[in-house]
Amino acid sequence: MPNEGIHVIEAKSITKKFKKFVALDSVSFEPRTGEIFGLLGLNGAGKTTTQRIVSTVFKPTSGEALVNGFSITTQASQVRKSIGFVPTEVGLYDRLTGREVVRYFGRLNDMDGRDLEERIDAVFGILSLGEYADRRCGELSRGNKQKIAIARAIVHDPPVFLFDEPTSGLDVLSARSVIDFMKKSRDDGKTMLYSTHVMSEAEEICDKIGVIHDGRMLYTGGLKEFIEGKRGLEDAFTNALRVNAK
């Protein structure tokens with residue numbers, strides 16, 4: 001069983017400025033082992049910037065974050081080995097097959113030989129990708145491309161998943177497949193930082209949430225506590241934004 005007392009991600013007062021624009025303003029949050037932490041916000045709120053900082057794509061202007069005990073500012077390579085990052089844009093090579101893409105990323109994470117091939121088969125099985133493994137990515141549907149992107153991110157079996165709007169643009173069945181995978185991964189002890197503006201998905205799968213608006217964190221804590229007394233997550237979220245606007 002996962003150790004629920006461990007904070008696998010510790011984001012501490014992260015600020016990110018692009019010249020004079022403040023994209024994030026002293027953002028903090030601490031998901032624990034085996035939790036899905038949802039970053040909720042409107043488009044442009046700062047969700048993707050947060051994901052990119054935690055994944056070491058961006059450096060914070062100030063503040064710090066630890067991922068699996070490693071600093072994003074001084075131990076970036078160790079952080080990258082500890083995470084599986086699925087950005088909004090899948091960025092697959094159309095000429096390569098799904099298996100070739102995932103094999104390449106496995107080798108980047110120091111995997112090789114039989115162990116790598118067995119892991120690829122296992123991941124493709126989990127994501128129901130077996131029949132598409134040897135098709136070129138350019139021939140795949142949007143949903144299967146997204147699942148290849150997930151397979152690429154988790155082939156090295158990291159403890160932390162960073163998913164930036166993973167169901168965006170997917171049909172109902174493909175989105176359900178991704179959501180079910182996330183729930184199973186949580187049951188297996190993985191920790192997930194998951195950003196979305198789809199309230200129904202977040203209400204179904206999140207243990208804790210962070211409501212981010214105009215680069216500031218309005219709320220961090222339990223999902224149940226946030227929606228208490230409201231008609232649901234969408235109502236609670238809308239109310240939080242209205243209160244902040246006053």
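**How the sheet is read**

Visitor: What makes β9 and β10 a hairpin, and which residue in the turn has a positive phi?

Guide: In this predicted model, β9 and β10 form a hairpin with two residues between them, and Asp214 in the turn has a positive phi of about 50 degrees. Strands here are DSSP runs of E with at least two residues, numbered from the N terminus, as helices are (H or I, at least four residues). Local features need pLDDT of at least 70, side-chain atom pairs count only at pLDDT 80 or more, and totals for chains, interfaces and linings use all residues. Residues are numbered from 1 along each chain as its sequence is written, while side-chain values use heavy atoms, without hydrogens and water.

Visitor: How do you know that β9 and β10 pair?

Guide: Two strands pair if DSSP finds at least two bridges between them; six bridges join β9 to β10, which run antiparallel, so the definition is met. In β10, Gly222 is the bridge partner of Lys208.

Visitor: How do you know that β3 and β9 pair, and in which sense?

Guide: Four bridges link β3 and β9 in the parallel sense, and the definition asks for at least two. Gly38 stands opposite Ile209 in β9.

Visitor: Why is β9 called largely enclosed?

Guide: Buried means under 20% relative accessible area, exposed over 50%, and partly exposed in between, with a 1.4 Å probe and protein chains only. Five of the six residues of β9 are buried, so β9 is largely enclosed by the rest of the structure.
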